[in-house]
Every structure is written in C-alpha cells, then in structure tokens.
Amino acid sequence: MVGSATLFRTGLMEHFTPVPALVGGLLIGLASAVLWLGNGRIAGISGFFGQLLPPARSAIWRAVFLIALVLGALVTSRLLPDLGSNPELVTAPAGSGLETPVWLAIAGLLTGIGTRIGNGCTSGHGICGLARLSKRSAVAVAIFFGVAIITVAVTGVVR
C-alpha cells in the first residue's frame, strides 16, 4: 500500500485539491436536493439532455438547468481562474493510432450509449440514486467504477 506522502513525492497527486472538491461536492448535493425536493426530479444529466430532442413537455426547465450548469462553470472559471490549475485535455493513448479529437468523440459516444443502456448516468445513479438507497443505482455505480478501473489499467491514461 502506498502512503499519501509517497504519492505526493512521486507527483502522482500533484493536482490534489481537497477544498475545491469538497465545495463542489457540497454544491452538487445541494443542487440535487433542491431539484428533487422542489421539482420531484432526479438530477440525471443524461436524462435531461436526452429529453431535450425531441422536446418533452418539460423541456424548458431541463434546458435552463443544463444552461445554468454550463454558465456556472464558465462564471466560476472567470472569477476563480486558479481553481482548476490544470486545464489540459487528456490526449489519446499513444498506441491507439487515433487523433485525440477522434478518441474523445468515440469515448463520448460510448458514454452516451452506456447511459442509455444503464438507464442513467453517474449523476443520476451515483448522487441521487445512492442517496435514495436504490439497489439498481448501487449496482450501476459498482459497474461504473469497475469499468473505469479496467479502462485506466488498460489504456494507462492515468499514471
């Protein structure tokens, strides 16, 4: 087992930022709770996005939520530019033979397909579903984490 001091010395956790992560997590939890209590809706981003086209009856609040999500990140990046000190996008693995934009497009497409098959995304299952003690969400989150661990081990994206 590697201690945290070793991780910092080796540079594996040079971008570890517990305070912004805690604040962000609290804000996500608060927004999810407000949406659930105020609107009776689960804050599943894939569901919001998936029901915009073709528009559902409740498309307006979904669009407002998604626009506010993007604008909130934009405003925060302008007000606190040092908060995310490493804005680099990940690059495609060297052995993949793909350009990074193509690799990212494939990854996004596979993520979208996975959210449809799993009937939800990490925010819907991981934040709201687990908070409601949903067994289905617990299984989905276990699969998310398992696949993420395997993906990182196979691609070597995170070293």
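**Exercise 1. The overall fold**

How many helices and how many strands are there in the protein chain? Work out also in what order the elements run from the N terminus on.

*Solution.* Keep in mind from the start that this is a predicted model. Counting the elements gives 7 helices and 0 strands in the protein chain. Written out from the N terminus on, the order of the elements is therefore α-α-α-α-α-α-α.

As a next step, turn to the surface, where the accessible area of the protein chain comes to about 11800 Å², with 72% of it belonging to carbon and sulfur atoms. Of the 159 residues in the chain, 16% count as buried, a class that takes in residues under 20% relative accessible area. Finally, look at the contacts between residues at least 6 apart in sequence, among which 35% join residues at least 24 apart.

**Exercise 2. The largest pocket**

Find out which elements give two or more residues to the lining of the largest pocket, and which of them gives the most.

*Solution.* Begin with the space itself, which amounts to about 940 Å³ in the largest pocket. This pocket is lined by 27 residues, and those closest to its centre are Ala 107, Leu 110, Thr 111, Val 147 and Thr 151. Helix H5 (100-117), helix H6 (122-131) and helix H7 (135-155) are the elements that each give two or more residues to this lining. With 10 residues, H7 gives the most. Sorting the lining of the largest pocket by class, one arrives at 14 nonpolar, 12 polar and 1 charged residues.

**Exercise 3. The second largest pocket**

Describe the lining of the second largest pocket by element and by class.

*Solution.* About 690 Å³ of space lies in the second largest pocket. Its lining is made up of 22 residues, and Gly 24, Leu 27, Ile 28, Leu 69 and Thr 76 are the ones nearest the centre. Two or more residues of this lining come from each of helix H2 (18-39), helix H4 (59-79) and H6. In the lining of the second largest pocket, 15 residues are nonpolar and 7 are polar, while no charged residues take part.

**Exercise 4. Helix H6 and the residue that follows**

Which residues of H6 are buried, and against which elements do they pack?

*Solution.* The buried residues in H6 are Ser 123, Gly 124, His 125, Cys 128 and Gly 129. These buried residues of H6 pack against H2, helix H3 (45-50) and H7. To see how a helix can bring such residues together, recall that an α-helix has 3.6 residues a turn, so residues three or four places apart point the same way.

The last step moves on to Leu 133, which is found in the loop between H6 and H7. Phi of Leu 133 is near 60 degrees, a positive value in a residue other than glycine. Leu 133 is exposed, with a relative accessible area of 73%, and this fits the class because exposed means over 50%.

**Exercise 5. Two cysteines**

Why is Cys 128 not bonded to the sulfur of Cys 121?

*Solution.* Start with the whole structure, in which a search finds 0 disulfides. Cys 121 is in no disulfide, and the nearest cysteine sulfur, that of Cys 128, is 8.8 Å away. A disulfide requires cysteine sulfur atoms within 2.5 Å, so the 8.8 Å between the sulfur of Cys 128 and the closest cysteine sulfur, in Cys 121, is too far for a bond. Both residues are nevertheless buried, with a relative accessible area of 9% for Cys 121 and of 4% for Cys 128.

**Exercise 6. Arg 41**

Where is the place of Arg 41, and which residues does Arg 41 touch, not counting residues up to four places away in sequence?

*Solution.* Arg 41 has its place in the loop between H2 and H3. Its relative accessible area of 35% makes Arg 41 partly exposed. Not counting residues up to four places away in sequence, Arg 41 touches Leu 35, Trp 36, Ser 58, Trp 61 and Arg 62. As a final step, compare sequence with space: Arg 41 and Cys 128 are 87 residues apart along the chain, and their C-alpha atoms are separated by 9.7 Å.

Note on methods: Residues are numbered from 1 along each chain as its sequence is written. This is a predicted model: local features need pLDDT of at least 70, side-chain atom pairs count only at pLDDT 80 or more; totals for chains, interfaces and linings use all residues. Side-chain values use heavy atoms; hydrogens and water are left out. On a 1 Å grid over the protein atoms alone, a cavity is a set of points where a 1.4 Å probe fits but cannot get out, and a pocket is an open set with protein on both sides within 12 Å along at least five of seven lines; lining residues have an atom within 4 Å of a point. Grid points are joined across faces, edges and corners, and a volume is the space filled by probe spheres set on the points. Helices (H or I, at least four residues) and strands (E, at least two) are DSSP runs, numbered from the N terminus. Ala, Val, Leu, Ile, Met, Phe, Trp, Tyr, Cys and Pro count as nonpolar, Asp, Glu, Lys and Arg as charged, and the others, Gly among them, as polar. Buried means under 20% relative accessible area, exposed over 50%, partly exposed in between (1.4 Å probe, protein chains only). Contact means heavy atoms within 4.5 Å. Accessible areas come from the Shrake-Rupley method with a 1.4 Å probe; for residues, only the protein chains shown count as cover.
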